[in-house]
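User: Please go through this structure with me, one point at a time. I would like the cut-offs stated along with each answer.

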Amino acid sequence: MDKPLLSLTNVNKFFDDSHILKDISLDIYDGEFLTLLGPSGCGKTTMLRCIAGLESINSGDILLNGSSIKDLSPNKRNVNTVFQNYALFPHLNIYDNVAYGPRIKKSMNEAELKERINEILELVQMTGYEKRMTHQLSGGQRQRIAIARSLINEPDILLLDEPLGALDLKLRKYMQTELASLQKQTKTTFVYVTHDQEEALNMSDRIVVLNKGVIQQVGSPREVYNNPSNLFVADFIGDRNIKKVKVMDKKGDYVKVMLKDNIIDIKCSTNADSKNCSGDYAILAIHTDKMSISCSEKPNSLKGRIVSVHYSGSQIRSQVDLGGEKVTVIEYQSNDCDYKKGDIVHITWEETGAILLPMEEGFEERSGGYEEF
């Protein structure tokens, strides 16, 4: 495996008595788009600020190209940060905003700087905006200039703290594609912070899922989406039906479980300890959009009654009562089963759509995204 560009080793961070980052260890590789994903307060922005040098760490180490940077000031680290509010200088035009870093460092003469600014502005599709002031730009344009101002310094790593958060939904989706494309063009390592799972899944090479200052899972978008390592990741990534089931029997990678009066075979998560599928109870997690409804019984299906049907364009969102347990099914096109409220139907899913996870202590007392029992 390639040598990491940046390594966090047993990093801990406290704010007074609050333990924000708990023994964080993570390797980041040259040229990758890595996203720190988690709910508000999980520690992702604090981790980014520790890498940037904007926050000190209480213990552990941060290595860049094999050398410790934990005691270096931000301007001594070859790392640049793009903030959500962009932090552009309002009294400078676009050319001078982008030129600011090289002028401070005196790394280029004015002729070299002009040529490099032209290249960078072309890269972010802002050629011709050199003389404009920041207040004359849209949110998306300001975001591009903030990235240009960072890229001209040729950082080892570009840190981005929810830079799309202030944009409207349509522009945000457009800029997701633009940012991912820009990262591949420049081959700059991006470390990106967001609480938006769709954003993370769309843009990243790898995703680091955080909760309460602890790394829950690191993997590709496909890995964390299809094969979560625990109940938190299963609930946070994607839209799933989360149900407590009774474990009846285990054979190979499959387990026979009971959900109310339905007995079905489920594959264990490969990210979970095999012993977790042999207890008395487990957690069944099924993607709502990998399920389908049939009017006739099928192998390994669940029988239920339609509670509600809602249409939204091509999407059909149905709620089904499985003898006291309600599940949500999302289908994207009509099928041969023309069901309506009150009809008896049978639910199946793709094999990758459902996994079995271990019971976790206190599951029944949890509220919010988890199903309560």
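The turns below cover strand pairing, nonpolar cores, aromatic rings and backbone angles.

Analyst: This is a predicted model, in which local features need pLDDT of at least 70 and side-chain atom pairs count only at pLDDT 80 or more, while totals for chains, interfaces and linings use all residues. Residues are numbered from 1 along each chain as its sequence is written, and side-chain values use heavy atoms, with hydrogens and water left out.

User: Which residue in β4 is the bridge partner of L8?

Analyst: Helices (H or I, at least four residues) and strands (E, at least two) are DSSP runs, numbered from the N terminus, and two strands pair if DSSP finds at least two bridges between them. Strand β1 (residues 6-15) and strand β4 (residues 59-64) run antiparallel and are joined by five bridges. In β4, the partner of L8 is I62.

User: How many bridges hold β1 and β2 together, and which residue in their hairpin has a positive phi?

Analyst: β1 pairs with strand β2 (residues 18-28) in the antiparallel sense, over seven bridges. V11 has I24 as its bridge partner in β2. Two residues lie between the strands of this hairpin, and the residue with a positive phi, near 55°, is D16.

User: Which element gives the most residues to the largest nonpolar core?

Analyst: A nonpolar core is a set of buried Ala, Val, Leu, Ile, Met, Phe, Trp, Tyr and Cys residues joined through side-chain atoms within 4.5 Å; buried means under 20% relative accessible area, exposed over 50%, and partly exposed in between (1.4 Å probe, protein chains only). The largest core has 32 residues, and V98, I117 and I147 are among those with the most contacts inside it. Elements giving two or more residues to this core include α2 (94-105), α4 (139-151) and β8 (189-194). The top contributor, with five residues, is α4.

User: What does I147 touch beyond four places away in sequence, and how many residues are in the other core?

Analyst: Contact means heavy atoms within 4.5 Å. On that basis I147 touches V82, L158, L160, L179 and L182, leaving out residues up to four places away in sequence. Another core lies apart from the largest one; M47, C50, I69 and V208 are among its members, and its residue count is 28.

User: Is the ring pair of F232 and F236 stacked or edge-to-face?

Analyst: Rings of Phe, Tyr and Trp (its six-membered ring) pair if their centres lie within 6.5 Å; planes under 30 degrees apart count as stacked, over 60 as edge-to-face and the rest as tilted. F232 and F236 are four residues apart in helix α8 (residues 231-236), so about one helical turn separates them. F232 is buried at 13% relative accessible area, and F236 is buried at 18%. With centres 5.5 Å apart and 10° between the planes, the pair is stacked.

User: At what distance from the ring centre does R149 lie over the face of F89?

Analyst: A charge sits over a ring if NZ of Lys or CZ of Arg is within 6 Å of the ring centre and within 35 degrees of the ring normal. F89 also forms a tilted pair with Y100, at 4.6 Å centre to centre and 55° between the planes. R149 lies over the face of F89, at a distance from the ring centre of 5.3 Å.

User: Where is N300 found, and what is its phi?

Analyst: Most residues other than glycine have a negative phi. N300 lies in the loop between β15 (291-294) and β16 (302-312) and is partly exposed, with a relative accessible area of 33%. Its phi is positive, near 60°.
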